Amino acid sequence: MDKSEKIANTLIEFLELQPDTDKIIYLRRSDYGGLVTELSDDRKHLGQFYMLKKDESNQFYFMLGYPAAFLAKLYLATKNQKYLKAAKWYLDTALSCNSQMYRSHFSHKIAWAAAWLGNITGEEKYKMAAKKIAEFLCTLQNENGLFLGDADVLDKYDQSGEISIWLKEISGLI
């Protein structure tokens, strides 16, 4: 539990470092503890792993979903309100992204986190977000059971496993 709370406190510190969450969420910290806000030329191709641009489509939304779900589940274990507040910040930030976020396979962990927060808080906005994303994810499944039929083999099998697990979890929460 001590390690989990240290991680949670780091996630809270991380969100407190965000300079302006209206447009960009920075996803990485430097070796010196600050946010990585600019990328060197040799890292520009990794941009989505470093920042989420809220007004653009096909962002790595799952980078906000994992912290939200983790913090929500830690709240259940500790009843510490700061973890619930942080979980809601991460999820509300994701839900304020471009509306295409609801129709992206990168949102599976957003749906999972929304299902947890909807279950914990009873807030309809979280339940509806989980349901909306889950319904979209179901449209990505092929007759053979795999998701993302047009993806390369590695992504198709990786994402099929992940999406299946998240949909199962979500169905038990909403």
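Contact here means heavy atoms within 4.5 Å. With that in mind, I turn to Ile170, in helix α6 of this predicted model. Leaving out residues up to four places away in sequence, Ile170 touches His108, Ala111, Trp112, Ala115, Ala130 and Ala134. The C-alpha atoms of Ile170 and Ala130 are 7.2 Å apart, although their positions lie 40 residues apart along the chain. Is Ile170 buried or exposed? Its relative accessible area is 2%, so Ile170 counts as buried.

Let me now place this residue in the overall architecture. The protein has six helices and two strands. Read from the N terminus, the order of elements is α-β-β-α-α-α-α-α. As to dimensions, the C-alpha trace spans about 50 × 45 × 30 Å along its principal axes. The radius of gyration is 16 Å, which agrees with the value near 16 Å that a compact globule of 174 residues would have. Of the 174 residues, 43% are buried. Among contacts with a separation of 6 or more, 60% join residues 24 or more positions apart.

A word on the surface and the charges. The accessible surface comes to about 9,600 Å², and carbon and sulfur atoms account for 50% of that surface. The protein carries 22 positive and 23 negative charges, and the mean positions of the two sets are 5 Å apart.

How far does the predictor trust these coordinates? The mean pLDDT is 94, and 100% of the residues reach 70 or more. Where in the protein is confidence lowest, and where is it highest? Confidence is lowest in helix α6, residues 153-171, with a mean of 93, and highest in helix α4, residues 108-121, with 98. Helix α6 is also the helix that holds Ile170.

I continue with two residues in loops. Ser107 is found in the loop between α3, residues 81-95, and α4. Its relative accessibility is 0%, and Ser107 is therefore classed as buried. Which residues does Ser107 touch, not counting those up to four places away in sequence? They are Tyr61, Met101 and Ile133.

The second is Leu146, in the loop between α5, residues 124-139, and α6. Leu146 has a relative accessible area of 15%; because buried means under 20%, this residue is also assigned to the buried class. Beyond its neighbours within four places in sequence, Leu146 is in contact with Leu140, Gln141, Lys156, Tyr157 and Ser160. The C-alpha atoms of Leu146 and Gln159 are separated by 8.5 Å, and the two residues are 13 residues apart along the chain.

Finally, I should like to draw attention to the backbone. Most residues other than glycine have a negative phi. Two residues of this model may be set against that background. Asn58 is not a glycine, yet has a positive phi of about 55°. Asn58 is found in the loop between β2, residues 51-53, and α2, residues 62-78. With a relative accessible area of 40%, Asn58 is partly exposed. Lys79, likewise a residue other than glycine, has a positive phi near 65°. Lys79 has its place in the loop between α2 and α3.

To close, I return to the two ends of the accessibility values discussed: Ser107 is buried at 0%, while Asn58 is partly exposed at 40%.

Terms used
Residues numbered from 1 in each chain as written. Predicted model: local features only at pLDDT ≥ 70, side-chain atom pairs only at ≥ 80, totals over all residues. Heavy atoms only, no water. Helix = DSSP H or I, 4+ residues; strand = E, 2+ residues; numbered from the N terminus. Rg over C-alpha atoms; globule rule 2.2 N^0.38 Å. Buried < 20%, exposed > 50% of the residue type's maximum accessible area, 1.4 Å probe, protein only. Areas by Shrake-Rupley, 256 points an atom, 1.4 Å probe, with all protein chains shown as cover. Lys, Arg positive; Asp, Glu negative; His and termini not counted. Charge placed at Lys NZ, Arg CZ, Asp CG, Glu CD. pLDDT = per-residue confidence, 0-100.
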